[in-house]
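Please open the model in a viewer with residue selection enabled. The tour below proceeds stop by stop, naming what to select and what is found there.

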Amino acid sequence: MFIDARFTSALLVLAVALGAIEGRAQTSKQSIAHRGASGSAPEHTAAAYSLAIEQGANFVEQDLGVTRDNQLICIHDDTLERTTNVAEVFPARASKVEMRGEGRQGPHWLVNDFTLEEVKRLDAGKWFDPKFAGAKLLTFQEAIDLVKGKAGLYPELKSPQLYKSRGIDQVKLFVDVVRKNGLEKPESLKTTPVIIQSFDEEAIRRVAKDLPTIPRILLIDTGGDVSDARLREIAKFATGVGPTKSLIAGRPALVKSSHDLGMTVTSWTFRANEKTSYPNVRAEMSHFLYDLGIDALFTNDPDQFPRQRTQNDRPF
Ligand code: G3P
Ligand code: CA
């Protein structure tokens, strides 16, 4: 079987780097805590990130948004109302702009309309469970300080085009923080691996130039193009692809095609509370990792990640 040298070197970088962190399992399969251990704690809070590290996640994910004073914060949505009490604290500050695909009716409070000081006044925990009341959204810098040396960082450049339309260069802000912390330096990558992700091709092409030492994956949503021709194109600027579970289930051959092009394959999202045809999320993850051959996956429940296939992990 032909394995492209780039692929083995990308995997080698990852395995060696991970091996260095407290002897985490020397395996090529990796778990990424999706928004932290968001199955058990409010996403993108210190509680969710710390629990992910406790649960042995190889990487902790940060979805990145930008405040009005150009601070990178960890938040999935472009708006604040789903995961904070912004409607209570700033009732009169709902945004006038039409929101892309947030899918929720009603007023929206755009992250970029609020300064970091204002965002830090919000409660980002009680929506999930009252026991997390008072939890705060993290800045990217706080996430780096919390995770560094304990696990890898997996930042997603979320909605760069939205920020571009507001005159903000999210990629530059990101590159500046990475360089300020020396995260791209080979020495740092040994103890704190970093992988950059985005749905935005332009953003991935830019970090390929600005941060060439850091692996980067192009996320591909359901219905996206995963033909061999498209994968060949992606392999010119990305070190890996991030297709949804359903894309892989629909075309399992994309895993071998990507590997033959020297790219890793990382899929999403595996949730213990999601009803699927599998007996449990562990069996589902096992099937994608050990039958379909993906290299890594995003999960809300890192404690369920199967380090190797075990007998009772039979998917059906
Ligand atoms: O980043 C991988 C996966 O998390 C993409 O989906 O919407 O959860 O960011 P989303
Ligand atoms: Ca994400």
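In which helix does S257 lie? Select S257: the residue lies in helix α12, residues 253-260, where helices are DSSP runs of H or I of at least four residues and strands are E runs of at least two, numbered from the N terminus.

**Conventions**

This is a predicted model, in which local features need pLDDT of at least 70, side-chain atom pairs count only at pLDDT 80 or more, and totals for chains, interfaces and linings use all residues. Residues are numbered from 1 along each chain as its sequence is written, chains are lettered from A and ligands numbered from 1 in the order in which they are written, and side-chain values use heavy atoms, with hydrogens and water left out.

**First stop: S257**

With S257 still selected, note that the residue counts as buried at 15% relative accessibility; buried means under 20% relative accessible area, exposed over 50%, and partly exposed in between, with a 1.4 Å probe and protein chains only. Display the side chain of D228 as well: a polar contact of 3.0 Å links it to the side chain of S257. A polar contact is a pair of N or O atoms within 3.5 Å; within protein, one must be able to donate a hydrogen and the other to accept it, and residues adjacent in sequence count only if both atoms are side-chain atoms. Residues up to four places away in sequence aside, S257 touches D228, L231 and R251, contact being heavy atoms within 4.5 Å.

**Second stop: the whole chain**

Zoom out to the full chain, which has 13 helices and 9 strands. Of its 316 residues, 58% count as buried. Among contacts in the chain with a separation of 6 or more, 66% are between residues 24 or more positions apart. The exposed surface is about 13100 Å², of which carbon and sulfur atoms supply 56%; accessible areas come from the Shrake-Rupley method with a 1.4 Å probe, and for residues only the protein chains shown count as cover.

**Third stop: the calcium ion**

Select ligand 2, a calcium ion coordinated by E61 (OE), D63 (OD) and E156 (OE) at 2.1 to 2.4 Å. Donors are N, O and S atoms within 2.8 Å of the metal (3.2 Å for Na, K and Ca), and water is not among the atoms, so sites may look incomplete. How are the donor residues spaced in sequence? The pattern is E-x1-D-x92-E. D63 lies in strand β2 (residues 59-66) and E156 in strand β4 (residues 152-157), so the pair ties together parts that are 93 residues apart in sequence. D63 is buried at 0% relative accessibility, and E156 is buried at 4%.

**Fourth stop: ligand 1**

Move to ligand 1 and show the residues that surround it, including H34, R35, E61, D63, H76, E156 and W268; a residue is counted here if one of its heavy atoms lies within 4 Å. Polar side-chain atoms of E61 and H76 lie 2.9 Å and 2.6 Å, respectively, from an oxygen atom of ligand 1. For E156, a side-chain N or O atom is 3.0 Å from an oxygen atom of ligand 1. Taken alone, ligand 1 exposes 290 Å², and the protein buries 92% of that.

**Fifth stop: backbone features**

Most residues other than glycine have a negative phi, and most peptide bonds are trans. Select R35, in the loop between β1 (30-33) and α2 (46-54): its phi is positive, about 60°, although the residue is not a glycine. Next, select S159, in the loop between β4 and α6 (160-164), which has a positive phi near 55°. Then select W268 and T269, joined by a cis peptide bond with omega about -5°; T269 is found in strand β8.

**Sixth stop: helix α13**

Select residues 281-291, helix α13, where 8 of the 11 residues are buried. Its buried residues, among them M285, H287 and F288, pack against α11 (245-250), β8 (264-270) and β9 (296-299). At the start of α13, a side-chain oxygen of N280 comes to within 3.1 Å of the backbone nitrogen of R282. G293, with a positive phi near 85°, follows α13.

**Last stop: F237**

Finish at F237, in the loop between α10 (228-234) and β7 (240-243). F237 counts as buried, at 4% relative accessibility. Apart from neighbours within four places in sequence, its contacts are E201, I204, R205, A208, R216 and L218.
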